Amino acid sequence: MSDNEAGALVIENIAMLEEAIALVKGEVSEKIFQAIDFLIKDWVKENGCVGCFNFFEDETYFGALDWKIGSEAEASWIAWFNMENRRGTLDDEFNLTSCLGVRDTQIGFRFAINYGNLAKIKKYDWRKFTDQMNLEYPEIENIGFQYEPKEDGTWFLPWRLDGKLLAECYRQDTIEDAMEPIKEALENLKVSLPLFDKIIEKAQIKFGRINDGA
């Protein structure tokens with residue numbers, strides 16, 4: 001289809017497209033991400049972790065209890081998992097686009113350490129440390145994580161929902177039946193927890209930490 005033909009279709013169906021965009025930005029995405037957050041929250045509770053679960057309006061992140069530092073009222077994290085988009089070369093597509101792995105997009109769980117909570121450390125030192133950790137713990141990439149040295153030394157675990165299955169489940173009001181890829185990703189997170197625990201421990205031993213609530 002030529003650009004002119006595509007443009008003509010847009011013009012002819014502009015009302016329907018406006019309604020579709022409103023649905024994607026609103027009700028459809030809200031229902032799907034609420035189902036995802038519910039699944040993650042369940043996993044977090046079962047695995048002794050804590051977090052925040054509101055991806056549609058804000059963000060979803062979680063981690064082990066002992067990854068939090070500081071007082072309860074001003075708790076911060078030395079490390080966490082964040083549900084996050086990797087948009088590639090695109091900037092403005094919907095979060096649902098990333099969920100389905102459409103075009104140049106991905107969504108997944110990113111592990112990161114806030115090296116600002118580590119004492120006497122520079123960005124170069126951190127990148128050198130995570131490079132070494134990635135070599136020392138190849139199991140992390142074997143699980144399915146992708147090491148991201150250019151993202152300040154993080155690991156990203158992508159997942160993708162099947163669009164046809166999700167559409168059918170949405171139609172039948174059984175969205176949870178399309179969540180198997182996320183369940184598999186969460187099982188991989190469970191396997192990765194002791195490995196990331198070791199990395200956090202080594203980071204604190206090597207660099208020390210600040211904001212420990214003392």
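Trainee: What makes E1 and strand E2 a pair, and how many bridges join them?

Mentor: Two strands pair if DSSP finds at least two bridges between them. Five bridges join E1 to E2 (residues 60-64), so the condition is met, and the two run antiparallel. Strands here are DSSP runs of E with at least two residues, helices runs of H or I with at least four, both numbered from the N terminus. This is a predicted model, in which local features need pLDDT of at least 70 and side-chain atom pairs pLDDT 80 or more, while totals for chains, interfaces and linings use all residues. Residues are numbered from 1 along each chain as its sequence is written, and side-chain values use heavy atoms, without hydrogens and water.

Trainee: Why is one side of strand E1 and of strand E7 left without a neighbour in the sheet?

Mentor: Strand E1 (49-53) and strand E7 (146-148) stand at the edges, each with a single partner strand, so one side of each has no neighbour in the sheet. The order of this open sheet is E1-E2-E5-E6-E8-E7.

Trainee: Why is the contact of Glu 84 with Arg 110 called a salt bridge?

Mentor: The term requires a side-chain nitrogen of Lys or Arg within 4 Å of a carboxyl oxygen of Asp or Glu. The closest N and O atoms of Glu 84 and Arg 110 are 2.3 Å apart, so the pair qualifies. Arg 110 also forms a salt bridge with Glu 148, at 2.7 Å.

Trainee: How do you know whether Arg 110 is buried or exposed?

Mentor: Buried means under 20% relative accessible area, exposed over 50%, and partly exposed in between (1.4 Å probe, protein chains only). Arg 110 has 6%, so it is buried; Glu 84, at 27%, is partly exposed.
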